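Reader: I have a structure to read and some terms I do not trust yet. Can we go through them one at a time?

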Amino acid sequence: MIDKIRDTLRQHARLNRDVSAISVDADLYACGLTSHATVNLMLGLEDTFQVEFPERMLRRRTFETIANIRDSIAELGTGLPVSKS
Amino acid sequence: MPITVLSRSFGALERAQRIGLEIAAPFADAVDKDARFPTEALDALRTERMLGIFIPTEFGGGGCSIADLSAICATLGQYCSATAMIYAMHQIQIACIVRHGADSSFFATYLAELADTQALIASATSEIGVGGDVRSSVCAIEHDDGSFSLAKRAPVISYGEYADAILATARRTPDAPPNDQVLALLKRDEFTLTQTSGWDTLGFRGTCSPAFTLTATAPDDHILPASYADISSQTMLPVSHIVWSSLWLGIATAAVGRARGYIRAEARKSPGKTPAASVRLAEVVSRLQGMRALVNDSVRDYESIMHDADALSAMNFAIRMNNLKLSCSTSVVDIVSQSLLICGMAGYRADSKFSLGRLLRDAYGAALMINNDRIYGANAAMLLVSKDD
């Protein structure tokens, strides 16, 4: 799952550094994630994982780190195994 | 009819009313005509300790609420738009320091100093080269042995020449991305302003908001500890939209007041006959009530979650606060225009007590400060994923 999240970040988040080098706990906003790019990231994640983020998840914290994204998607239940790697 | 609900009474609203009526109003036309700073009203607000009104009482301030600020701005807005805007912008800066600096020993001391001196704080958030996006900076903080330096080209700094301090945004370091910003306090003896444009505008002429090049050197602890991303979403944006909308409500209220006065005068001339434009008055009064209701509802909305950082970062909250700005900035133009139709030539004349020219010119500024198209664009993007209203 982390790899897929990184792929989606690469495609949509327009970060200012190599996504592979960003740790799962690093602050993505400090890596250049803007509020506009967050919307594209959400759309990309919804498409990749076939989920829909409910309104309560549409806040800064949900998309702050790769780990938070992973936990949110896991909570929504994609059927994909949750990888901690 | 009260402008808005005052949650607690400190006599502050009465003081604002008196300063507005007795000091701001008599100079409003001269301030507008000469595009000069409303010195008399700001001196009075300082003397009456209205500048530190939002600082908590533990620091020696007035301890008032956002609802109080909203009511004060709406009151001042009825008498002099420039005075109200300067006052509102100052309170936005105070709110940022109160809510994001009180834990820092420097800012705690500074808040007490502000309450004591009633200093006026300006804002330097916009910058040449970022296309109007205040969440991006070109300039950066450069640290050097316990202090930092900063050089910023600002397309506007409202009342910069008259401010005792400026809060400026900048990238955290020279290596930081454009949106990794901090907010730094620069006191009068720590900054230099070089004016690079004039200020001869359609409205809000007394805010004296030309372009400046700002250079500053200040101690490191003058940087607010929170990231600007948090300060912006939790405080600066919602408070800005609330206090601006409140003063636009004041402008709209003043315009409707003139329309009412005109219709009453007409009715007295011909008792028994309802003046033709009275239907328009009924219409505009209903519009004004809607605007007031939106301002008050937004104040309650913000106050109900203002201490919940997570809730404040929610997309639907951002959309609602943006809608407050979009709606009120449009309503104020509509309401003043309708009032002009009611007053007719008496409103069109610049020398009548029903004159609406200045109010209409000021009203047109509302959609431009943080351009409505930018805000509609932001909401449009968020609505691609947001589901709630």
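Reader: What makes a set of residues the largest nonpolar core here?
Author: This is a predicted model, and its largest nonpolar core has 150 residues. Members must be buried, with 20 or more other C-beta atoms within 10 Å of their own, and they are joined through C-beta atoms within 7 Å. Those with the most contacts inside the core are B:Ile166, B:Ala184, B:Leu247, B:Ala252 and B:Val336. Helix H6 of chain B, residues 228-269, gives the most to this core, with 20 residues.

Reader: Which residues is B:Ala184 in contact with, leaving aside its neighbours within four places in sequence?
Author: Among them are B:Ile141, B:Leu150, B:Ala168 and B:His222. They count as contacts because the C-beta atoms of each pair lie within 7 Å.

Reader: How do you know what span to expect of helix H9 of chain B?
Author: H9 has 29 residues, and the expected span is 1.5 Å times one less than that number. That gives 42 Å, and the helix reaches 42 Å from its first C-alpha to its last, so the span is close to the expected one. After H9(B) comes B:Gly344, with a positive phi near 60°.

Reader: How many residues of chain A are in contact with chain B?
Author: 15 residues of chain A are in contact with 16 residues of chain B. On the chain A side, seven are nonpolar, four polar and four charged.

Reader: What is the mean pLDDT of chain B?
Author: The mean is 95, and 97% of the residues of chain B reach 70 or more. Over residues 1-9 of chain B, however, the pLDDT is below 50. Where pLDDT is low, the predicted coordinates should not be read in detail.

Note on methods. Residues are numbered from 1 along each chain as its sequence is written. Chains are lettered from A and ligands numbered from 1 in the order in which they are written. This is a predicted model: local features need pLDDT of at least 70, side-chain atom pairs count only at pLDDT 80 or more; totals for chains, interfaces and linings use all residues. Helices (H or I, at least four residues) and strands (E, at least two) are DSSP runs, numbered from the N terminus. Two residues are in contact if their C-beta atoms, placed from the backbone, lie within 7 Å. Ala, Val, Leu, Ile, Met, Phe, Trp, Tyr, Cys and Pro count as nonpolar, Asp, Glu, Lys and Arg as charged, and the others, Gly among them, as polar. pLDDT is the predictor's confidence in each residue, from 0 to 100. A residue is buried if 20 or more other C-beta atoms lie within 10 Å of its own, exposed if 12 or fewer, and partly exposed in between; C-beta atoms are placed from the backbone.
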